[in-house]
Amino acid sequence: MHHLDGANALAYARIRKTTGESDFTRAARQQQVLVALRDRAVGAGLLLGLPRLFAAVGDTVHTNLPPDRLPELAALAEQIDGTSTVKLVLASPFVKSGGSTQYGSVYIPVLPRIRELAKVVFGPPGGDPTWPVPSPGASPGAGGSPAPRASTTP
């Protein structure tokens, strides 16, 4: 467990080219930071004070979110238990290498597999999500091993 200030949390989330890591591990770190930020904001009671917080920071924060929706969203965020938040990074077999360009690596989504995964994870409208995510190729609704880069820990 580490406590990071804002600048170090941002650096941790954004760092690239760490030995043995990839854009997929960076995406997992970004999710880790977002969940920790949510947990910290809820634990400190900051979410219900968002309108005051936005007024205090003035022009440094911009959003198109209507201010009257903030209390509703804050209450919703407090209902989400950070320990049961499902984080998922779509790595192989949900993406495939498209080679390299002068700008870096290119990954191409494997849409049929992503659609299959989305049906399982999100389920039918109004239903509960399924976890763990079945292995690719398993029938929707069947249990199985988690998908690559899937994590249920904060």
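Biologist: How many salt bridges does a search of the whole structure find?
Modeller: A salt bridge here is a side-chain nitrogen of Lys or Arg within 4 Å of a carboxyl oxygen of Asp or Glu. This is a predicted model, in which local features need pLDDT of at least 70 and side-chain atom pairs count only at pLDDT 80 or more, while totals for chains, interfaces and linings use all residues. Residues are numbered from 1 along each chain as its sequence is written, and side-chain values use heavy atoms, with hydrogens and water left out. Searched in full, the structure gives a count of three.

Biologist: Which residue forms a salt bridge with Arg 29?
Modeller: Arg 29 is buried (under 20% relative accessible area; exposed is over 50%, partly exposed in between; 1.4 Å probe, protein chains only), at 7% relative accessibility. Its partner is partly exposed at 39%. The closest N and O atoms are 2.3 Å apart, and the partner is Glu 21.

Biologist: What separates Asp 23 and Arg 26 in helix α2?
Modeller: Helices are DSSP runs (H or I, at least four residues), numbered from the N terminus. Asp 23 forms a salt bridge with Arg 26, with 3.1 Å between the closest N and O atoms. Both lie in α2 (residues 23–43), three residues apart, so the separation is about one helical turn.

Biologist: Within what arc do the buried residues of α4 fall?
Modeller: The buried residues of α4 (residues 70–79) are Leu 70, Ala 74 and Ala 77. Seen down the helix axis, they line one face, because the arc within which they fall is 60°. That arc is taken over the directions from the helix axis to the C-beta atoms, and its value is 60°.

Definitions and conventions. Helices (H or I, at least four residues) and strands (E, at least two) are DSSP runs, numbered from the N terminus.
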